[in-house]
Amino acid sequence: MREVSADPVDAARRLAPTAAELAPEAERARQLSDPLVQQLADAGLFRLCVPKAAGGLEAHPGTLVAAVEALAAGDAAAGWCVAVAATSGLLAGYLPEESARAIYSSPATMVAGVFAPRGRATPADGGFAVSGRWPFASGCRHCDWLMGGCVVDDGGSPRLLPNGMPDVRLALAPAAAFTIHDTWHVMGLRATGSHDIELDGVQIPAEHTASVFSDPPVQTGPLYAFPLFGLLALAIASVSLGIARGALGDLVALAGGKVPAGGRRTLAERATVQAEVAKAEAAVRAAGALLDEAIGEAWERALADGTVDTERRAGLRLAATHATASGTQATETAYRLGGGGALYESSPLQRRLRDAHAATQHMLVAPATWELSGRVLLGLPTDATQL
């Protein structure tokens with residue numbers, strides 16, 4: 001069974017109808033509404049993974065997954081922004097405690113960014129001069145702090161770790177230090193406002209940077225033994241399950257009253273529709289159960305010895321990729337059964353279909369991640385940093 005904290009999940013469920021109501025306008029604006037973002041912050045949803053020592057909730061991963069799924073059932077973009085901001089809070093567990101407390105000094109603080117190492121960090125004056133441009137910075141216009149992944153420069157070449165991999169650090173700076181480029185003109189997840197962000201030679205103190213690959217976490221709770229990429233993959237997968245849950249709900253509401261052209265029975269009375277809805281429901285529930293199982297096994301290991309081994313890391317990624325695929329298929333089913341009416345902008349089914357397919361493009365749940373889990377299952381050597 002999924003271990004959850006009732007308050008954040010209940011808050012997400014309460015806010016889901018509001019997110020659904022605001023979704024059409026948010027999509028047109030290509031960002032969430034300010035009032036909704038404030039409500040999400042007030043509910044603590046952006047601080048789910050921030051250490052308690054820094055004023056966060058330090059929640060069980062099952063709570064993160066349940067909250068994101070509940071919110072995404074209302075609007076995928078709201079769930080996505082919470083998924084990204086919440087998991088960005090993991091970095092606070094790697095920073096000096098005083099720095100983490102300062103960054104999260106306000107209960108409404110929102111931190112997000114991009115983990116991909118598209119920047120360059122040059123050692124300078126006890127910190128780093130950071131330059132780079134990062135696409136896909138979800139929720140960036142609402143953030144107080146932003147971060148970007150950087151390769152540490154060593155005399156013009158990447159600094160290498162003992163294992164031969166580049167030294168990659170995440171660098172945090174106030175959002176005002178970044179230039180936001182309006183690039184988010186896309187077909188799905190439009191309201192996430194995932195524009196490009198850029199820094200140009202900005203000096204960032206060392207205590208506002210950390211490596212989730214080579215630095216041990218400062219915080220010792222089991223949440224910080226979880227692999228960052230695995231946790232983000234779980235959060236993204238829960239968006240897909242939430243979209244599916246919302247799409248099936250839309251279909252059920254439609255099916256009881258819609259009589260297809262030339263027919264006499266409602267959609268709900270048709271045997272083929274009944275069977276397809278049942279199969280989609282089973283697939284979504286099964287995918288959620290696998291997520292629960294993978295999280296539970298990894299959490300037990302983290303509690304026992306403060307680590308999550310490669311096998312369980314692969315289990316997390318396998319469950320996340322499977323949930324994303326299963327959720328997308330269920331959403332496709334709901335859209336298809338919705339008929340011609342689902343084409344119209346007035347139908348939430350068309351938005352859910354686009355959002356579901358946009359989510360599948362995230363590198364942590366994309367089809368190629370099946371191969372990563374498969375290597376572990378087949379006993380082949382696997383770079384665990386990718387898990």
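## Cavities, a helix pair and a buried serine

Strand E5 (168–174) and helix H6 (228–255) each supply at least two residues to the lining of the largest cavity. E5 gives the largest share, three residues. The model is predicted.

**Cavities**

Rolling a probe the size of a water molecule over the atoms shows where empty space is left. Here, three cavities of 30 Å³ or more turn up. The table sets out two of them.

| Cavity | Volume | Nonpolar lining residues | Polar lining residues | Charged lining residues |
|---|---|---|---|---|
| Largest cavity | about 50 Å³ | eight | one | one |
| Second largest cavity | about 40 Å³ | four | no | five |

Which residues line the largest cavity? From E5 and its surroundings in the numbering, the list includes Val168, Arg169 and Leu170. Leu228 and Phe229 also belong to the lining. So do Phe115, Ala210, Ser211, Val212 and Phe213. By class, eight of these lining residues are nonpolar, one is polar and one is charged.

The second largest cavity has another set of walls. Ala23, Glu27, Asp75, Ala77, Leu189, Arg190, Ala191, Arg351 and Asp355 line this space. Helix H1 (6–29) and helix H9 (348–359) are the elements that give two or more residues to that lining. Five of the lining residues are charged and four are nonpolar, with no polar residue.

**Helices H3 and H7**

Two packed helices are described by the angle between their axes and the distance between the axes. Helix H3 spans residues 61–72, and helix H7 spans residues 271–305. Their axes come within 10 Å and cross at roughly 155°. Angles over 145 degrees count as roughly antiparallel, so H3 and H7 are roughly antiparallel to each other.

Where do the two helices meet? H3 brings Pro61, Gly62 and Val65 to the contact. H7 brings Leu291, Ile295 and Trp299. The contact of H3 with H7 has five nonpolar residues, one polar and no charged.

**Ser88**

Ser88 is part of helix H4, residues 76–88. Is this serine buried or exposed? Its relative accessibility is 2%. Buried means under 20%, so Ser88 counts as buried.

What does Ser88 touch, leaving aside residues up to four places away in sequence? The contacts are Tyr104, Val111, Ala112, Gly113, Phe115 and Met147. One of them, Phe115, also lines the largest cavity.

Terms used. Residues are numbered from 1 along each chain as its sequence is written. This is a predicted model: local features need pLDDT of at least 70, side-chain atom pairs count only at pLDDT 80 or more; totals for chains, interfaces and linings use all residues. Side-chain values use heavy atoms; hydrogens and water are left out. On a 1 Å grid over the protein atoms alone, a cavity is a set of points where a 1.4 Å probe fits but cannot get out, and a pocket is an open set with protein on both sides within 12 Å along at least five of seven lines; lining residues have an atom within 4 Å of a point. Grid points are joined across faces, edges and corners, and a volume is the space filled by probe spheres set on the points. Helices (H or I, at least four residues) and strands (E, at least two) are DSSP runs, numbered from the N terminus. Ala, Val, Leu, Ile, Met, Phe, Trp, Tyr, Cys and Pro count as nonpolar, Asp, Glu, Lys and Arg as charged, and the others, Gly among them, as polar. Axes are lines fitted to C-alpha atoms, for helices over the stretch in contact, and angles run from 0 to 180 degrees between N-to-C directions. Angles under 35 degrees count as roughly parallel, over 145 as roughly antiparallel, 65 to 115 as roughly perpendicular and the rest as oblique. Contact means heavy atoms within 4.5 Å. Buried means under 20% relative accessible area, exposed over 50%, partly exposed in between (1.4 Å probe, protein chains only).
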